[in-house]
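These are my notebook entries on a two-chain model, written down in the order in which I looked things up. The sequence and structure come first, and the entries follow.

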Amino acid sequence: MAEYTLSTGMEVHAELETDSKMFCRCPVEFGAEPNTRVCPVCLGMPGTLPVPNRKAIEFVLKTALALNCQIAKRSVFHRKNYFYPDLPKGYQISQFGDTNVLGHFGYLEVPTKNGGIKKINIRKVQIEEDTGKLMHLPSGGSGIDFNRAGVPLMEIVTDFPPDIETADEAKDYLVGLRQVLLYLKVCNGKMEEGSLRCEPNISIRVIGTDKYGTKTELKNLNSFRSVQHGIEYEYKRQVSLLENGESVKQETRGWDEGAEKTFPMRSKESEEDYKYFPDPDLVPMDFSDEYLEELKKTIPELPLAKYRRYQADYGLNHYDASILVAELSWSTYFDECIKMGGDPKLICNWMSSDFAKSLNETGQTFQSSLVTPKHLVELTTLIQKETISGKIGKDIFEISFKNGKMPSEIVQEKGLTQISDESVIEKYADEALKQNPELIDKYKSGQTNVIGFLVGQVMKQSKGRANPGIVQNIMKKKLDM
Amino acid sequence: MKEITDLTAAELSCKLQNKEISAIEVAESYLTNIKKNNDSLGAYLSTHPDITRKAAENAQNLLDKGLAKPLTGIPIAIKDNISTKDIKTTCASKLLENYTPVFDATVIEKIKDHGMVMLGKTNLDEFAMGISNENSAYFPAKNPWDLSRSPGGSSGGSAAAVAGNLAPLALGSDTGGSIRQPASFCGIFGFKPTYGRCSRYGLIAYGSSLDQIGPFARSVEDIALLANAISGNDHKEDTSLPQDPISYHEMKNGSLKGLKFAVPAELYDNQAFEEGVKTCFQNRLENLRKAGATIDIVHIPTIDLGVSCYYVIATAEASSNLARFDGIRFGNTLPTRHHKDQVALTRGKLFGREVKERIMIGTYVLSAESFEAYYIKAQKIRAVMVGEIDHILENYDAIISPTSPVTALKIGEQNNDPVASKLVDLSTIPCNMGGYPAISIPCGLANNLPVGMQVMTSRITDEKTLQIAYSIERELNIKVQNPTY
Ligand SMILES: [Zn+2]
């Protein structure tokens with residue numbers, strides 16, 4: 001029996017985080033009352049004309065540059081003509097073709113689970129306007145909400161033949177792409193709200209051949225998980241069709257999250273003719289090399305570069321580096337700590353354990369927390385220098401987290417410095433031994449693990465301030481005497 | 001003494017500023033004329049006397065307070081494809097029979113800002129598609145020189161209104177000659193500015209890369225005053241030019257002496273041109289030579305492809321521009337159960353024949369299988385033609401020709417031979433292809449019907465067009481005649 005491999009092309013639509021729409025000055029807002037963020041232009045009233053949002057174009061160019069694309073010397077808007085109730089003008093202003101869209105022929109590299117790097121070629125990065133939204137009215141019938149009509153939308157399309165050959169790679173690509181968009185601050189990346197939409201096309205072919213099978217396109221994927229599961233499901237469905245002697249139909253399928261299944265939405269047997277032509281209302285855009293150079297300078301260090309730097313310069317492993325770069329807020333905070341002299345491994349540990357937990361519980365972010373990088377660096381340094389113990393450190397963190405006091409201040413106020421004075425510790429040790437004479441016999445009879453309990457007693461007596469290493473040494477010395 | 005409605009806008013302006021007459025008197029004179037004559041002329045589709053009177057009162061206020069601009073208190077007729085807030089804008093189509101815009105076109109904002117007084121909305125070929133005004137879904141406008149003839153199109157109502165003393169000034173739109181050809185047929189002045197100098201915002205689009213709003217008037221000075229008032233950069237239009245409004249300050253400082261005119265042989269020595277038109281034009285060429293201008297016959301080899309190119313590009317753009325008329329958000333709707341049927345029924349029943357024909361041609365030339373062969377080819381020819389014209393304009397002050405090869409057509413005549421009748425736009429289309437400013441100047445009568453002469457200059461030299469037109473008007477002693485009808 002033949003073995004099949006998967007091929008997946010990805011079409012991603014990202015709503016741009018501009019203040020206003022693509023061709024009018026209506027505000028871009030999610031969740032407003034239907035048809036309250038509209039004007040004659042985005043309603044397609046007769047006689048209205050589009051004026052491009054320069055910020056949106058800049059966002060797309062920035063993304064295209066970050067995705068290693070070539071930028072069109074002259075970029076053109078095209079009209080995509082079709083009738084649909086959510087499309088006010090009867091055409092969508094979009095871009096068309098390979099080399100006159102804003103960006104083309106780029107790539108994205110993403111880290112993979114096994115610590116390697118996967119390169120995915122990108123065909124084009126272009127701009128268009130979003131459509132309105134059809135909705136069923138409670139009173140029956142349908143309504144159209146045009147709040148979304150005209151919101152700037154960036155489309156990022158992977159190249160053919162597809163580089164993505166597993167559902168995991170598809171997810172990695174999407175995760176990596178989303179990170180780039182968030183780092184560039186061009187899209188909020190919220191898949192559940194539809195700000196980031198992914199439509200993979202999926203086909204299978206016999207391993208070792210280059211004849212690609214019939215594609216199906218998947219819609220309704222609103223999480224990474226659904227992307228991964230949807231593609232996996234579609235792969236299995238197509239394989240079983242072929243194994244049963246049936247064929248794959250070219251169609252658009254939806255993902256049913258509850259049933260974990262895809263279902264047919266509409267057949268795509270004949271390609272629709274969108275009658276693309278250059279929009280005569282919009283002047284072609286030219287970008288000078290100087291402008292693009294300036295724009296390049298505004299691109300921050302991207303996730304992959306950070307990921308590599310954290311491993312190479314700070315010796316972090318794949319897991320830690322991945323966690324830190326996953327969110328811009330994390331890596332920004334981390335970088336600030338390191339700049340102030342924090343120990344990378346310690347800072348990373350703190351961020352990903354206690355700190356993250358507290359932020360989660362209180363709904364804060366690293367940036368909004370009262371514990372600034374200065375606080376965290378001070379705290380970890382106090383622990384590193386053994387001024388305080390790790391356990392006390394946790395208590396101090398909690399106080400800092402609540403009231404924003406500097407850790408050193410808290411240590412001073414509460415007298416929480418670690419006790420390393422041997423004579424003081426010896427007193428605690430003697431006291432512990434005196435109260436547990438039977439343990440000395442047990443120790444001498446070979447049950448050396450009782451030392452743990454005795455050390456614990458000393459820590460308790462000293463309210464955790466005794467240096468545990470020194471306690472251990474002194475206790476052992478006394479028992480061995 | 002001249003009647004108020006016989007005066008030019010400049011003359012009216014003078015009398016208004018001197019308080020010899022009031023803006024209200026002026027408005028009332030025109031309203032009376034409209035009431036008396038519009039039924040026979042069909043120039044206006046709708047008038048709004050209350051709104052007109054209110055605007056006249058406001059204008060008089062400005063005049064009284066000394067805040068008047070040159071055109072304050074001057075009445076104006078508006079082609080009914082230019083959006084007017086709270087006033088129906090129908091494009092002479094059944095589909096927009098009940099459509100009332102919620103905003104003003106930029107040019108309307110400007111004329112209001114100047115304190116001009118709107119008389120009403122004028123007739124046109126449905127969606128500006130036509131050459132005779134017979135494609136109006138309501139009734140055809142008539143030519144005041146001969147009521148059995150067309151005033152031309154598509155801005156026939158505006159031209160008829162100005163020629164028939166139902167307005168001193170009017171706005172039209174010109175996609176392939178829709179201002180200049182009716183001006184020529186009606187014996188008045190009609191000016192299409194450089195593409196991008198008057199905002200298209202609010203003009204219901206036909207062929208977006210060709211459309212331009214412009215004035216009709218009975219003198220070059222009036223044309224210039226109105227062109228100045230409605231032009232200038234508009235941030236609501238991406239294709240708007242950055243230049244200041246069209247200035248008239250240098251208009252009177254020119255002279256025909258020493259000017260170099262090019263006359264394309266293709267736009268004159270051609271069988272499409274009526275003998276009367278040729279004779280009239282030749283006489284004017286003689287006058288120009290006598291006045292000290294040089295005239296050379298030149299060639300624009302691609303020009304006879306212009307009409308074909310135009311019908312590919314304009315219909316392609318129109319098919320897309322008119323897609324928004326789906327009966328969902330505005331205008332009339334013929335409701336059915338299913339959305340797709342509703343769109344088809346609304347468009348099928350409410351668009352007129354010519355509009356549907358052009359939408360179908362446009363849809364065809366944009367379809368994947370014919371895009372290269374038609375649309376792309378037409379754009380290539382357009383580029384070559386514009387190159388040829390640019391080259392001539394580098395060496396000449398202006399290109400002149402008859403505005404139209406024929407005089408006003410009999411109503412009913414144009415439908416006999418649709419292809420031949422499209423040649424009526426032969427001389428006017430090239431200006432839209434390259435965005436050039438061009439004006440039609442009345443240059444005499446042939447068989448008692450007006451003949452027009454077109455003057456076109458380089459892009460963004462609208463001031464030069466007007467200066468040359470003014471020199472011609474003055475030195476050739478051209479007077480607009482008011483026909484009795
Ligand atoms: Zn809007």
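In which loop of chain B does B:Ser154 lie? I found B:Ser154 in the loop between β3 (117–122) and α5 (156–163) of chain B, where helices (H or I, at least four residues) and strands (E, at least two) are DSSP runs, numbered from the N terminus.

**Conventions.** I noted that this is a predicted model, in which local features need pLDDT of at least 70 and side-chain atom pairs count only at pLDDT 80 or more, while totals for chains, interfaces and linings use all residues. Residues are numbered from 1 along each chain as its sequence is written, and chains are lettered from A and ligands numbered from 1 in the order in which they are written.

**Backbone entries.** I looked up the peptide bond that joins B:Gly153 and B:Ser154 and found it to be cis, with omega about 5°. The loop between β3 and α5 of chain B also holds B:Ala128, a residue other than glycine whose phi is nonetheless positive, near 65°. B:Ala128 counts as buried because it has 30 C-beta neighbours inside 10 Å; the cut-offs are 20 or more other C-beta atoms within 10 Å for buried, 12 or fewer for exposed, and partly exposed in between, with C-beta atoms placed from the backbone.

In chain A, I recorded a cis peptide bond between A:Phe160 and A:Pro161, with omega about -5°, and A:Pro161 lies in the loop between β10 (152–158) and α2 of chain A. A:Asn220, which is not a glycine, has a positive phi of about 70° and sits in the loop between β12 (216–219) and α3 of chain A; its 16 C-beta neighbours inside 10 Å make A:Asn220 partly exposed.

**Two single residues of chain A.** I then turned to A:Gln238, which is found in helix α3 (residues 224–243) of chain A and counts as buried with 22 C-beta neighbours inside 10 Å. Leaving aside neighbours within four places in sequence, A:Gln238 is in contact with A:Ile204, A:Gly213 and A:Val248, contact being C-beta atoms, placed from the backbone, that lie within 7 Å. A:Met481, in the segment after α15 of chain A, is exposed, with 6 other C-beta atoms within 10 Å. From A:Met481 to A:Lys275 I read 206 residues in sequence and 95 Å in space, C-alpha to C-alpha.

**Helix α14(A).** This helix (residues 450–461) has twelve residues and reaches 17 Å from its first C-alpha to its last, close to the 16 Å expected at 1.5 Å a residue, the expected span being 1.5 Å times one less than the number of residues. Its buried residues are A:Leu454, A:Val455, A:Gln457 and A:Val458. They lie on the same side of α14(A) because they cover an arc of only 150° around the axis, an arc taken from the directions from the helix axis to the C-beta atoms. A:Gly452, A:Phe453 and A:Lys460 are exposed on the other side of α14(A). The cover over the buried residues includes α12 (422–435), α13 (437–444) and α15 (468–480) of chain A.

**Helix α9(B).** For this helix (residues 306–321) I compared the 22 Å that its 16 residues should span with the 22 Å between its end C-alpha atoms, and the two agree. It is mostly covered, with 14 of its 16 residues buried.

**Domains of chain A.** The bounds, which come from an automatic or database domain assignment, give domain 1 (9–169 + 177–198 + 272–291), domain 2 (301–414) and domain 3 (422–480). The C-alpha centres of domain 1 and domain 2 of chain A lie 37 Å apart, and eight residues of domain 1 are in contact with nine residues of domain 2. On the domain 1 side, the elements that give two or more residues are β6 (103–111) and α2 (167–183) of chain A, and α2(A) has the largest share, four residues.

**Between the chains.** What does each chain give to the contact? I noted 25 residues from chain A and 33 residues from chain B.

**Core.** The largest nonpolar core has 216 residues, and B:Ile76 and B:Val117 have the most contacts inside it; such a core is a set of buried Ala, Val, Leu, Ile, Met, Phe, Trp, Tyr and Cys residues joined through C-beta atoms within 7 Å. Apart from it lies another core, of 28 residues, including A:Leu316 and A:Trp350.

Key
Contact = placed C-beta atoms within 7 Å.
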